[in-house]
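Dear colleague,

Please find the structure below, with the sequence alongside. My notes on the contact between the chains, the symmetry and the sheet follow.

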Number of protein chains: 2
Amino acid sequence: MKDEKDIIIENEMHHEVSPAVIKRLPRYFRYLREIIRMGKTRVSSAELSKMMNVTASQIRQDLNCFGGFGQQGYGYNVNYLYTKICEILGVGCGFRAAVIGAGNLGTALVKSPMFEKRGVDVVAMFDVAPSLIGKKVANAKIYSADELEERLEEFAVDIVILTLDKEYTLETAQRLAKTNISGIWNLTGIDLDLSEHGIAVENVHIGDSLMTLCYEIALNDKK
Amino acid sequence: MKDEKDIIIENEMHHEVSPAVIKRLPRYFRYLREIIRMGKTRVSSAELSKMMNVTASQIRQDLNCFGGFGQQGYGYNVNYLYTKICEILGVGCGFRAAVIGAGNLGTALVKSPMFEKRGVDVVAMFDVAPSLIGKKVANAKIYSADELEERLEEFAVDIVILTLDKEYTLETAQRLAKTNISGIWNLTGIDLDLSEHGIAVENVHIGDSLMTLCYEIALNDKK
């Protein structure tokens, strides 16, 4: 008879987590953090279902994907799940990030606990405004955009976060394509694709959810 | 024989746009804006497919949902589609918004073209910091959070945008629950549910896409 450890190892050996599940993992990550903060060590799929507003069967299916087997009557081991999700999402990788654009959005992000929570270290910011260069936001010093390539190399930056103006996005992306960075978190609103250069890009369109909200409101008004 | 107009009207009479399609509409909105800006009046599903990195059959399926029938060899009427999507998403409703929290994030949003593009008018901001009260960001004056309820009423605000600190979120939500607003665009990171009070909420977790990016990078590194 196999014990629990065997089952998990076996599952890891041929685990293939689907993109749809990956998209949902950051939500599990957030809720599990919350549960850990509450001092709980076990959680049932029913409890998670209620917290997350997802069906319990969806939760069981998702967590089974990477060996998160709940025990009937005992629920899930919260720390195991959290560690596992962090591992899959690369939270423990110690990624180093730099923010291009030290305006309000860049500053808001760097000051927020967002990066620390996810194990990402913001090591530098870049801007073109002489009045900002040399200043610090949280622990990140602001460098001139002219020094972009050399500083990215010096600080061994993995992720570049784009919060600069739309009009400079393409030009900056062309410069980044020639560097050794691994990914771009792109908040400029201009879609980028640098897969040819081996750089992963996540194009964020924060305004999309504002439109979904407007849709819901318009729908409620019609009722 | 039915002409095109008949088909569209018939379709509108019993159209039911699924939530999954609704979630995708803001993307169509963005791309169609781009196409209009390029001066094009017709676009084929193949062209849209290439621009949006979605299969042409998915596009045809999505657009058929609300009477966006392309003509073989002619493609879609760009302006018709754009107008239709705006209508569904409530872009023409003239929603009025107020931002609670005049920090870096709130300021970045109000200064961005995000609201204007979507036909949402930001009429006021609120903060607790005496140094900010009375100042203006773009066209929005910053009021004391003490005046929240009366000002929301005075300006007939439909949407409240939350960019304030996590710790004040619940208390603020309780106050908002008693007002006449229709929706909350919640960027605080604390999930809210005010459906009992007839208020639609869109909880935004911008950091989720940062984690998806970290996952992709960790995956590429393993290759």
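How many residues of chain B are in contact with chain A? In this predicted model, 43 residues of chain B are in contact with 43 residues of chain A. On the side of chain B that touches chain A, two or more residues come from each of helix H2 (19–37), helix H5 (78–89), helix H6 (104–111), strand S8 (183–186), strand S9 (200–203) and helix H10 (207–222) of chain B. H10(B) gives the most to this side, with 13 residues. By character, the residues of chain B that touch chain A comprise 23 nonpolar, eleven polar and nine charged.

As to symmetry, a turn of 180° with a shift of 0.0 Å along the axis lays chain B on chain A with an RMSD of 0.0 Å. The two copies are therefore related as by a two-fold rotation axis. Of the residues of chain B, Asn104(B) comes closest to that axis, its C-alpha lying at 2.3 Å. The copies meet through the same surface, because 100% of the interface residues of chain B are also interface residues in chain A.

Within chain A, seven strands form an open sheet of mixed pairing, in the order S5-S6-S4-S3-S7-S8-S9. Its edges are strand S5 (136–137) and strand S9 (200–203) of chain A, each of which pairs on one side only. Strand S3 (residues 96–100) of chain A runs parallel to strand S4 (residues 121–127) of chain A, and the two pair over five bridges. In this part of the sheet, Ile100(A) is found opposite Phe126(A) of S4(A).

With kind regards

Key:
Residues numbered from 1 in each chain as written. Chains lettered and ligands numbered in written order. Predicted model: local features only at pLDDT ≥ 70, side-chain atom pairs only at ≥ 80, totals over all residues. Contact = placed C-beta atoms within 7 Å. Helix = DSSP H or I, 4+ residues; strand = E, 2+ residues; numbered from the N terminus. Nonpolar A, V, L, I, M, F, W, Y, C, P; charged D, E, K, R; others polar. Least-squares fit on C-alpha atoms with pLDDT ≥ 70 in both. Pairing = 2+ DSSP bridges.
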